[in-house]
Amino acid sequence: MTTTKTLEKPIETGAKSELTVRPRRLRRSEGIRSLVRETIVRPEDLIYPLFVVPNSRQKAEIGAMPGVWQMRVREVVEEAARAFDSGIRAVLLFGLPEYKDATGSSSWDPSGPVQLAIEGIKRQVPQMTVMADVCLCEYTDHGHCGVIVDRNGTKDVDNDETLPLLVKQAVSFAQAGADFVAPSDMMDGRIGSIRSGLDGRGLSDVGIMAYSAKFASGFYGPFREAAESTPQFGDRRTYQMDPANGREALREIELDFEEGADILMVKPALSYLDIIRGARDNFPLPIAAYNVSGEYSMVKAAAERGWIDGPRVTNEILTSIKRAGADLIITYHATEFAKTYRG
Ligand code: PBG
């Protein structure tokens, strides 16, 4: 049985209406829409990741990340200069070393690709803020983010043995001239260790952007091709976070806050917008979000097939990350976004 609800008064076109609240008034023209727009992503909000290879190698595009390249030092410096011209004010460097070993010792070589790139960018584009990712996975032959120990036949990453190595790497990048180091390893206590390591060497002006809530995510797939950092056994679930845990993420963020981080980061971004919001609401520091490789690749792949409008979707994605509470966004879309930005 159905009941038909009869309107008390029929709708009369052109007649006076009883509807007084009309949100559509604020959407009538682009002028009005831009007047009331709440969230605007600026090129200055973006951090552009770059992959540096030794000069013995060739410039090469990442298969799963069209538009993203492994570049030699000189090419990275040129790319940073182009990015600056388009309005980008910060880069985040990842290094692919000449050699790998069990402890990632090539990462604190003063003539390593990241150290040389930092020096080159600081020389050629001095106003660019240069950040360097701190982690062992690109530099270890086993591809894990720390030192491996064997406990009764089970291999795992040893937390406390890894800390001094991360400090060495961070100090080396800072001595080369990095403005910020960005530890992405997820070892406990690394922010405190790195802070005191920097301070003890007269590097107290160098900031720390902490990958505070970094989840063990399938969205890092394309990055591992770019950074050649796939673990040779097992996975990263004993140190990166379980994607299911929101409260634990806030706990991780709190620890980095207390240990002296200057910027707190949530990574990945899109599946973790609630964590970004939680970070923004609970901590008074700048919040960064990493729009990671897999998020980039999905947009590129669908746009290539003509299934979505790439630039439009990118704009919507970056806006959503900022609306969720991120002050800064690390994104491979940085320069393409900046080039189309009309401030
Ligand atoms: C290194 C590191 C990773 C990313 C940033 N730093 C990969 C990982 O943890 O396996 C991922 C970035 C991306 O996917 O864009 N630990």
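**Exercise 1. Find out whether valine 36 is buried or exposed, and what surface feature Val36 belongs to.**

Step 1: Start with the number: valine 36 has a relative accessible area of 38%, so it rates as partly exposed. On this scale, buried means under 20%, exposed means over 50%, and partly exposed is in between (1.4 Å probe, protein chains only).

Before going on, some ground rules: this is a predicted model, where local features need pLDDT of at least 70, side-chain atom pairs count only at pLDDT 80 or more, and totals for chains, interfaces and linings use all residues. Residues are numbered from 1 along each chain as its sequence is written, and side-chain values use heavy atoms, leaving out hydrogens and water.

Step 2: Place the residue. Valine 36 sits in the loop between helix H1 (30-35) and strand S1 (46-53). Helices (H or I, at least four residues) and strands (E, at least two) are DSSP runs, numbered from the N terminus.

Step 3: Look for partners. Val36 joins Leu26 and Leu35 in a nonpolar surface patch, with about 300 Å² of accessible area together. Areas come from the Shrake-Rupley method with a 1.4 Å probe, and for residues only the protein chains shown count as cover. A patch takes residues with over 30% relative accessible area and no salt bridge (side-chain nitrogen of Lys or Arg within 4 Å of a carboxyl oxygen of Asp or Glu); nonpolar side chains (Val, Leu, Ile, Met, Phe, Trp, Tyr) are joined within 5 Å, like charges within 9 Å.

**Exercise 2. Work out what the side chain of aspartate 185 reaches.**

Step 1: Aspartate 185 lies in the loop between strand S8 (180-183) and helix H5 (190-199). Its relative accessibility is 0%, so aspartate 185 counts as buried.

Step 2: Check the polar atoms. The aspartate 185 side chain gets to the backbone nitrogen of methionine 187 at 2.7 Å. There's also a polar contact of 3.2 Å between the side chains of aspartate 185 and arginine 190. A polar contact is a pair of N or O atoms within 3.5 Å; within protein, one must be able to donate a hydrogen and the other to accept it, and residues adjacent in sequence count only if both atoms are side-chain atoms.

**Exercise 3. Which side chains put polar atoms by the ligand, and how much of the ligand does the protein cover?**

Step 1: For ligand oxygen atoms, serine 293 has a side-chain N or O atom at 2.7 Å, and arginine 236 has a polar side-chain atom at 2.9 Å.

Step 2: For a ligand nitrogen atom, serine 184 offers a polar side-chain atom at 3.3 Å.

Step 3: On its own the ligand has 400 Å² of accessible area, and the protein covers 100% of that.
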